[in-house]
Structures are given as C-alpha cells and as structure tokens.
Amino acid sequence: MKIENQLTAAVVAALAELYGQEVPEAQIQLQKTKKEFEGHLTLVVFPLLRVSKKKPEETAAEIGAYLKETGLVADFNVVKGFLNLVIAPSKWVELLAEIDADERYGFVPVTEKSPLVMVEYSSPNTNKPLHLGHVRNNLLGWAVSQIAEANGAKVVKTNIVNDRGIHICKSMLAWLKYGNGETPAGSGKKGDHLVGDYYVEFDKHYRAQVKDLAAQFVQEGMLAEEAEERAKREAPLMCEAREMLVKWEHNDPEVRNLWRKMNEWVYEGFDATYKALGVGFDKIYYESDTYLEGKEKVVEGLQKGLFYRRPDGSVWADLTSKGLDEKLLLRSDGTSVYMTQDIGTAKLRFQDFPINKMVYVVGNEQNYHFQVLSILLDALGFSWGKDLVHFSYGMVELPNGKMKSREGTVVDADELIAEMVLQARTTADESGKFDDMSEEEKAEVARIVGLGALKYFLLKVDARKNMLFNPEESIDFNGNTGPFIQYTYARIRSILRKAEDAGIQVPAELPSDVALSTKEEEIVQHLADFAAVVRQAGVDYSPSGIANYCYELVKEYNQFYHDFSILREEDEDKRAFRLVLSKNVAKIVRLGMGLLGIEMPERM
RNA sequence: GGUUCCGUAGCUCAGUUGGAUUAGAGCAACGCCCUUCUAAGGCGUGGGUCUAGGGUUCGAAUCCCUACGGAAUCACCA
C-alpha cells in the first residue's frame with residue numbers, strides 16, 4: 001500500500017483517538033513537503049481545527065506524536081498549521097520493492113467489464129497531405145487512447161475520413177486538365193502530395209479566372225465587391241467542379257473510378273505518414289459511406305417533434321432554450337450538412353460497438369459544433385451523447401502567425417519528420433556517439449530520437465492552448481525535451497548492461513536496512529506518484545501531465561546520478577538499492593513516455 | 001455584438017479538489033565541472049508588481065466579478 005494511504009488511515013485513527021471524531025479520508029490533506037522544510041509529507045491541519053478545537057500548532061504536535069508511535073513516521077516538526085512528517089526509512093525500501101514487483105506499475109488492467117471508450121482522431125481530408133496541425137491531432141489522439149487504456153478502458157481508435165465533397169473534385173478536375181496522367185509510381189511523388197499538388201493547381205487557375213472575370217464584370221459597370229462575389233461563383237472551373245460533384249453523387253462511373261483511384265493514392269500516402277508517426281486505428285469510417293446515414297435520424301427526430309421544418313423545406317433544430325442558436329440539419333434541397341453527417345457517423349458507430357464513452361479529438365475551432373452535437377445526440381437517444389468528450393486542442397502557430405496554405409506557410413508533416421530525424425542524426429554524428437554503431441543502428445536511433453523530440457515538443461504543452469512552433473530554431477535536444485529523457489533512459493540501460501557484464505546481479509529482494517539519502521527518498525516518492533499521475537491524466541485525458549511528470553523524474557534522477565557512481569559503490573546493499581532504483585526509473589519513464597507514443601532507445 | 005477559451009521571466013512553457021516570509025523549469029546571456037557507469041549531462045549568477053482593479057478566505061497565480069489584451073466561433077462550407 002502506498003505510504004500516503006497508510007498515513008491517511010493513520011491520521012484518521014489519530015483524530016478518532018485524540019478527539020473522538022470520525023473524519024472522512026477525503027478531508028485529510030497530505031502534500032509533499034516543500035524543499036525548505038524537513039520532511040517528506042506534510043499534513044495541513046487547518047481544516048482539522050474544527051475537530052480538535054485547539055490551536056493549529058497544538059493540534060499538529062498532538063497528531064505528530066501519535067503518528068510517531070505507529071512507527072510509520074520517524075520524526076516530525078510543526079510550522080504554523082503544517083505538520084511535516086519524516087517517513088521511516090524502511091517504508092521507502094518497501095515502497096520501491098512494491099514498484100519493482102509490478103512490470104506495469106500504475107496501469108489498471110483491462111477486463112471484460114471495462115467500459116468501451118471510442119476515440120476519434122486524425123479525420124483528414126483526402127485532398128491534401130497532412131501538416132503540422134494534423135500531427136498535433138494525431139499525437140494527442142494516440143496519447144489519449146493510450147492513457148484511457150492505461151486507466152482500464154477498452155479503447156477503439158477510430159478515424160473518420162472526409163473522402164467526398166467539392167474539395168476532392170477540385171483535385172480531380174485539375175488532375176484531368178493539367179495532369180498528363182501523372183501517377184505516384186511514375187513521378188516518384190507520395191500519393192497524398194501528388195493529389196495535394198493538383199488541389200493547389202486548381203486554386204491557381206481558379207484565382208486567375210476569378211480575377212479576369214471580376215475585371216470584366218467591373219467593366220460592365222458592376223461594383224468591385226459584387227463583381228468578385230459573382231466571379232467566384234461563376235468561374236468556369238468552379239462550375240465544372242460542382243458539376244463533377246453532382247456526377248459523383250449520381251454515381252457516374254467515370255467520376256467514381258477516378259475518385260477511387262486518387263483516393264487510393266492519398267491513403268497510401270497517409271498510411272506512410274501514420275506509420276512514421278507511430279499511430280494507427282482500429283476502425284476507419286469513410287464519409288462517403290456515412291454522409292447519407294444522418295438524414296434518417298434527422299427525419300426520425302422531425303417526426304418526434306424534436307426538430308422543425310421551415311416553409312422552404314429545410315430542417316432545423318431550435319436550441320435557443322439552451323442558450324444556443326438554431327442549427328440547420330438538412331438543406332432545403334434535402335441534402336445533409338456537416339452536423340447531419342456526424343449524427344450519421346454516430347449511428348453507424350453505435351451499431352458497430354457498445355460505446356460507453358465517445359471522445360472526439362478535434363480542434364477548438366469546433367467547440368460550438370460539439371456542444372450542439374452533444375445536445376442533438378442526447379435528444380436522439382444516444383446514451384453517450386450527453387457526456388461525450390470533445391478533446392479540444394489549440395492551434396499550432398508559427399512565428400509569423402498561422403499556417404496558411406495560400407501563403408505557402410504550411411509545415412508539411414512528412415518534411416517535418418524527415419527534418420527532425422536528420423537533425424538528430426547530425427547532432428549525434430557530431431558528438432561522435434554513433435561511431436561504434438552499425439549504419440542500421442544509427443538510423444534507428446536517429447529515428448527514435450528525432451520523433452521523440454517532435455512528439456514530446458507537441459505533447460508537453462497543455463492541449464487546450466494555442467502553441468508556437470518555430471521551425472527555424474528547429475527543436476532543441478536540450479532541456480525539457482524528449483531526447484533529454486531518452487538520453488537518461490539510455491544511460492540507465494547502459495549502467496544495467498555494465499553491471500551485468502561485471503557479474504553484478506540486480507537483486508530480487510531489497511535489503512531493508514539501507515539508509516537512503518534525501519534525494520533517493522525523493523526519487524522513490526516521485527516514482528510512486530506515477531500511478532496518481534496516470535489516473536489524473538485519465539480524468540481529463542491530458543498527455544501534458546504525463547510529459548511533465550517524466551521530465552521532473554528524469555531531472556531528479558540526473559541530479560542524483562551525478563553525485564554517485566553506482567557501479568563503483570562498495571557497500572553492496574547501497575549498490576543493490578541504487579541499481580533497483582535506476583532500473584525502476586527507467587521502467588517508469590518507459591511506461592510514461594510509452595503513453596505518449598514515444599519510444600526509448602537502448603543506446604544513444 | 002453573443003458565446004467559449006487564453007493572458008505567469010526577454011522567448012517557450014510548468015504550476016487548480018485554494019496552502020508555508022523566497023511563484024518553478026528549459027531556451028537565450030555569463031561563469032565553473034569531462035584520466036569518473038555516456039558532457040544530448042551537472043553546478044552557479046542575473047532575470048517576475050503571476051495583464052489590471054475589486055471580492056470571497058486564516059491563506060489566491062489558482063475561486064467569483066469588472067476592465068484591458070489576444071484567439072476561436074456565431075454559413076443552406078466541411
């Protein structure tokens with residue numbers, strides 16, 4: 001049992017004994033003792049004064065004396081209303097032994113009875129390659145899934161691919177007109193990049209047409225603003241794209257074939273990027289399959305009187321009673337909108353899986369959408385609709401503002417990954433650390449470290465906040481970074497290898513009478529916190545908490561490591577303890593970083 | 001204009017079930033430490049009216065109100 005829990009129970013007993021009152025455990029406030037004071041844990045006695053009816057100092061002293069009797073606490077001191085407790089040394093060894101015994105310390109096992117959590121993330125459009133914003137989404141989605149699983153949930157990772165609509169038609173049209181039959185295989189381009197290039201190509205020609213047409217309208221005496229609006233609508237390319245969409249919806253075989261072919265190219269490209277990022281899905285939905293599904297549900301809702309129809313035939317939900325607006329669900333021509341599609345997707349998902357909880361990893365620009373979706377799904381009878389989680393994350397901004405595809409300031413995912421790996425490789429080569437590795441090994445370590453840097457950088461920040469990414473400074477490999485954590489891990493692995501080579505066994509059982517230094521006690525305490533950190537991350541699906549925990553732990557360990565030479569320690573008990581401690585720091589760090597999807601190199 | 005989110009060191013960020021005269025890291029600047037299990041490391045110096053003002057409390061960066069600053073959203077786009 002954790003020391004904190006033991007202490008809490010002891011404090012409850014103390015209060016019962018001393019003041020004759022049962023106090024619920026939740027009211028016992030134990031926290032880590034500040035560095036300036038002596039002790040490990042501190043009991044805040046202010047809230048207990050009601051029970052003791054004595055002064056803070058007096059109450060604290062009485063409780064302290066009682067705790068000392070139990071043997072849990074070796075010593076204590078009182079500062080104002082704070083009771084600082086020095087935990088008995090043997091307790092730390094016990095605690096470490098407990099952590100050591102559990103290979104997946106802090107994880108809640110998944111059982112048959114576990115709730116099913118579905119996590120939707122990524123959700124790309126098929127007309128463009130993935131960019132930095134998608135990278136943040138994918139990494140968060142993956143991490144959130146891992147965290148949910150570590151908290152004992154059955155997780156289904158899902159991706160809804162937006163594979164239909166006017167934007168895909170634009171790429172298709174441009175490819176037909178300007179492509180000369182170019183293919184990924186023929187050009188050596190990645191499929192998603194190739195299709196993306198034609199999307200840009202469309203936009204280029206389209207803008208030129210709009211400009212010419214608008215000028216023509218102005219000459220005919222139209223106001224500039226009005227002329228541009230009309231030109232945008234009437235530009236021949238746009239008309240053609242719209243025609244193509246209509247043909248698509250009518251299952252025109254030629255259009256459908258081209259659509260299938262180009263989407264296949266894109267999927268191959270996406271798969272490569274997903275693989276590089278180390279993310280994946282259990283079930284993929286395609287909007288072309290789900291976009292018609294929502295209508296039925298909406299009509300059903302209409303019949304139940306949840307929605308209403310306007311004279312022009314469009315269907316709306318009136319949410320004004322909830323403080324929101326009215327929301328369109330079906331256009332006057334009977335076609336679906338975004339919201340309708342999400343309802344349709346929800347319907348299919350619920351048919352496929354017994355969902356207990358749905359988590360949508362989607363950018364914060366859609367906060368309103370999900371607020372509405374939650375209300376609508378609940379009204380339509382989805383049990384998980386009311387407390388669906390919109391895991392909303394902020395934009396990634398560049399030093400000169402937002403990413404804009406029109407201005408070419410988009411940071412491409414594939415390029416970014418390659419750059420990070422190259423950066424890791426260069427740094428390592430310069431340091432000479434790679435000299436005795438095979439080429440294969442070097443490439444693998446560079447990959448792990450480069451991606452570790454990228455992932456950690458994007459995940460350590462509170463997901464809700466907009467964050468800044470500076471590509472020029474690239475990403476640091478020093479300080480609060482992935483590589484720093486990986487480096488410490490690699491060093492510990494190295495120590496353990498050397499211990500083995502020297503015939504030093506990591507003991508199966510720890511000696512119980514080792515005297516620990518303050519630093520070592522702190523590290524054990526920190527290790528034990530991992531379980532609580534995972535639990536906390538699970539509550540609000542927060543990867544950043546895990547990231548920052550790992551950093552703190554590693555930093556603490558590094559400071560310790562600098563003061564001691566483990567292998568040359570002659571006191572066998574101490575050496576044994578330190579080996580076990582190191583081994584478990586490595587273990588916990590691997591578990592923690594694993595939740596973030598960050599791999600750990602054995603050497604670097 | 002309505003709604004939601006954010007505002008902590010020059011820069012990037014930690015820090016909420018309210019806690020301790022001195023609010024933490026990293027980067028950047030400056031100084032020290034490699035015959036020592038990996039220097040992608042460690043130690044040190046300088047740098048803050050936690051946007052501002054009020055309120056609640058024994059106690060506020062944290063909770064409430066107001067103002068200011070920034071972002072998102074409010075489409076028969078997705």
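**Exercise 1. Work out whether the end-to-end distance of helix H20 agrees with its number of residues, and say which helices its buried residues pack against.**

Step 1. In this predicted model, helix H20 covers residues 543–563, which gives 21 residues. Since the expected span is 1.5 Å times one less than the number of residues, H20 should span 30 Å.

Step 2. The end C-alpha atoms of H20 are 31 Å apart, which agrees with that expectation.

Step 3. Burial is judged by whether 20 or more other C-beta atoms lie within 10 Å of a residue's own. The buried residues of H20 include Pro 543, Ser 544, Gly 545, Ile 546 and Ala 547, and also Tyr 549, Cys 550, Tyr 551, Leu 553, Val 554, Tyr 557 and Phe 560.

Step 4. An α-helix has 3.6 residues a turn, so residues three or four places apart point the same way.

Step 5. The partners against which the buried residues of H20 pack are the helices H5 (132–150), H17 (439–459), H18 (482–501), H19 (518–540) and H21 (572–595).

**Exercise 2. Carry out the corresponding analysis for helix H3, residues 56–70, and describe the backbone just after H3.**

Step 1. H3 has 15 residues, for which 21 Å is expected at 1.5 Å a residue, and the distance from its first C-alpha to its last is 22 Å, close to that value.

Step 2. Thr 59, Ala 60, Glu 62, Ile 63, Gly 64 and Leu 67 are the buried residues of H3.

Step 3. These buried residues pack against helices H1 (3–19) and H2 (49–52), and also against strands S2 (41–44), S3 (73–79) and S4 (82–87).

Step 4. Just after H3, Gly 71 adopts a positive phi of about 90°.

**Exercise 3. Place strand S9, residues 315–318, among its pairing partners, and assign its residues to a covered or an uncovered face.**

Step 1. S9 is joined to strand S8 (residues 308–309) by two bridges, and the two strands run antiparallel. They form a hairpin with five residues between them, and in the turn Gly 313 has a positive phi of about 100°.

Step 2. S9 is also joined to strand S10 (residues 326–330), by four bridges and again in antiparallel fashion.

Step 3. Trp 316 of S9 is the bridge partner of Tyr 308, and Trp 316 also stands opposite Leu 328 in S10.

Step 4. The covered face of S9 carries Val 315 and Ala 317, whereas Trp 316 and Asp 318 belong to the uncovered one.

**Exercise 4. State the overall make-up of chain A and how its contacts are distributed along the sequence.**

Step 1. Chain A contains 21 helices and 14 strands, and its C-alpha trace spans about 95 × 65 × 50 Å along the principal axes.

Step 2. Of its 604 residues, 40% count as buried.

Step 3. Among contacts in chain A with a separation of 6 or more, 74% are made by residues 24 or more positions apart.

Methods
Residues numbered from 1 in each chain as written. Chains lettered and ligands numbered in written order. Predicted model: local features only at pLDDT ≥ 70, side-chain atom pairs only at ≥ 80, totals over all residues. Buried ≥ 20, exposed ≤ 12 C-beta atoms within 10 Å, placed from the backbone. Contact = placed C-beta atoms within 7 Å. Pairing = 2+ DSSP bridges.
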